[in-house]
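User: I am a first-year student, and I would like a close look at one part of this model, explained step by step.

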Amino acid sequence: MSVLDIDFVRAQFPAFSEPSLQGQAFFENAGGSYTCRQVIDRLTRFYTQRKVQPYAPYEASRLAGAEMDEARSRLAALMGVATEELSFGPSTTQNTYVLAQAFRQFLKPGEAIVVTNQDHEANSGPWRRLADAGIEVREWQIDPQTGSLDPAQLENLLDDKVRLVCFPHCSNVVGEINPVAEITAIAHAAGAFVCVDGVSYAPHGLPNVDDLGADVYLFSAYKTYGPHQGVMVIRRVLGELLPNQAHHFNGDTLYKRFTPAGPDHAQVAACAGIADYFEALAAHHGHQGDAAGTGAFVHDLMRAHEVDLLQPLLDRLVARNDLRLLGPSDASRRAPTVALALGRPAEPVAAHLAEFGIMAGGGDFYAQRPLEAMGVDPAQGVLRISFTHYTSSAEVEKLTEALDRVL
Ligand SMILES: Cc1ncc(COP(=O)(O)O)c(C=O)c1O
């Protein structure tokens, strides 16, 4: 397998050559990643050359609309789904909210859904509110020590009333990668759909949603090297079953049904730059093939680099007795999104790290439910250090030294 060419990678991100960011190692990537050059270039071109109402018959407009379509078709192809099954919205929180409104109309009182207490609030609160419409909400709970979701426990929650199971591919504080295909198969066998929050997973490699079997898969482009957009895959069968949430005349177009807001044209178009970047990465590392193959190749390339950097860091952290690492200490089982409970407020520690050129954050990261379930006071929060494939071993070394000083 290829080894990631970190110099090539970093050359694709203008932030790494930006003078004002020199000497700063970025470890709050789970909050929002740096943006790749390909996205920034498309955004600039759109705003300078194509910033007109798209899909009209004049040239600038035709190009604008074509670029928006290109973004959908190329991201969909990387993820193994049809173009019509991928749509953009202002954020994942809003995409989930709209979807929950569709389920509110679709489900009947007395039917049930399953939510977890491992999720970020975005894939939790909107679903729990369906209780107001007479829907029974069942909670699939994490292990208070490990933060893990046990699929065997999900089986105990399922019966013929359950129509939907919502869970994360990876929590933004526990970091553990959940076995989505296995969980989905369990839910489907019980007759339930699944809605997977992939926001904390996608930056580490886009999954093939067809292989996972998920009915809905959500992620946020602004955490995945792109502009501030939410990306939603909804498979056709479910998308056509749920009531249209958009203008009535858009109801026959699958990718418009769950995006009632007018799209942010420039940002949607610029999302094609994520596909440009993934393809450039694959080509640079000698890979050739179709889009789904490129998606899989880039996924494995990113993951291998991240796991290599993450394991020594985890080893050092678990050796300390003055903090609690949330989630697995085995790098292959988790994303490089590492939350540390310090037994004291985390935000001042993040501020102290900033003095050593480390950009990190402290708080609850909208994951109050998992923190509470694990006995961590959300008011104190956790110190979160999160990186991606563009992080270098020198940056991790700098982080390690800084942690030794501030902890
Ligand atoms: C795991 C997870 N899910 C959902 C969200 C919400 O995403 P958005 O900001 O696009 O609404 C976040 C944002 O931090 C997240 O980390």
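In what order do the 4 strands of the open sheet stand, and is their pairing parallel or antiparallel? Please also describe what packs around that sheet.

Analyst: Please keep in mind that this is a predicted model. The 4 strands form an open sheet in the order S9-S10-S13-S12, and their pairing is antiparallel. At the edges stand strand S9 (324-325) and strand S12 (361-363), each with a single partner strand, so one side of each has no neighbour in the sheet. If we start from the S9 edge, we find that S9 is joined by 2 bridges to strand S10 (residues 337-341), and that these strands run antiparallel. To place this pairing on individual residues, look at Arg324, whose bridge partner in S10 is Ala341.

The sheet also has a helix against it: H12 packs on the sheet and touches S9 and S10, and its direction makes about 5 degrees with that of S10. Helix H12 covers residues 291-318, and its contacts with other helices help to place the sheet in its surroundings.

One of these contacts is with helix H11 (residues 272-284), which packs against H12 at an angle of about 75 degrees, the two axes being 9 Å apart. H11 and H12 are therefore roughly perpendicular to each other. On the H11 side, the residues that meet H12 are Tyr277, Phe278, Glu279, Leu281 and Ala282, while H12 contributes Thr294, Phe297, Val298, Leu301 and Met302. Sorted by class, the residues of this contact between H11 and H12 are 8 nonpolar, 1 polar and 1 charged.

Another contact of H12 is with helix H15 (residues 393-406), where the helices pack at an angle of about 10 degrees and their axes are 10 Å apart. This angle makes H12 roughly parallel to H15. Here Leu309, Leu313, Arg316 and Leu317 of H12 meet Ser393, Val396, Leu399, Thr400, Leu403 and Asp404 of H15. The contact of H12 with H15 has 6 nonpolar, 2 polar and 2 charged residues.

For context, it helps to look at another sheet of the model, in which 7 strands form an open sheet in the order S2-S8-S7-S6-S5-S3-S4, with mixed pairing. Its edge strands are S2 (86-89) and S4 (136-140), each of which pairs on one side only, and the twist averages 20 degrees from one strand to the next. Within this sheet, strand S6 (residues 193-197) and strand S7 (residues 216-220) run parallel and are joined by 3 bridges, and the bridge partner of Val196 in S7 is Tyr217. A helix accompanies this sheet as well, since helix H7 (residues 180-189) lies across S4, strand S5 (162-168) and S6, and runs at about 155 degrees to S6.

Finally, there is the ligand, and the residues around it include Asp197, Ser220, Tyr222 and Lys223. A polar side-chain atom of Ser220 lies 2.7 Å from an oxygen atom of the ligand, a polar side-chain atom of Tyr222 lies 2.4 Å from an oxygen atom of the ligand, and for Lys223 the corresponding distance from a polar side-chain atom to a ligand oxygen atom is 2.6 Å.

Methods:
Residues numbered from 1 in each chain as written. Predicted model: local features only at pLDDT ≥ 70, side-chain atom pairs only at ≥ 80, totals over all residues. Heavy atoms only, no water. Axes fitted to C-alpha atoms, helices over the stretch in contact; angles between N-to-C directions. Parallel < 35°, antiparallel > 145°, perpendicular 65-115°, else oblique. Contact = heavy atoms within 4.5 Å. Nonpolar A, V, L, I, M, F, W, Y, C, P; charged D, E, K, R; others polar. Pairing = 2+ DSSP bridges. Near = heavy atom within 4 Å. Polar contact = N/O pair within 3.5 Å; in protein donor to acceptor, adjacent residues only side chain to side chain.
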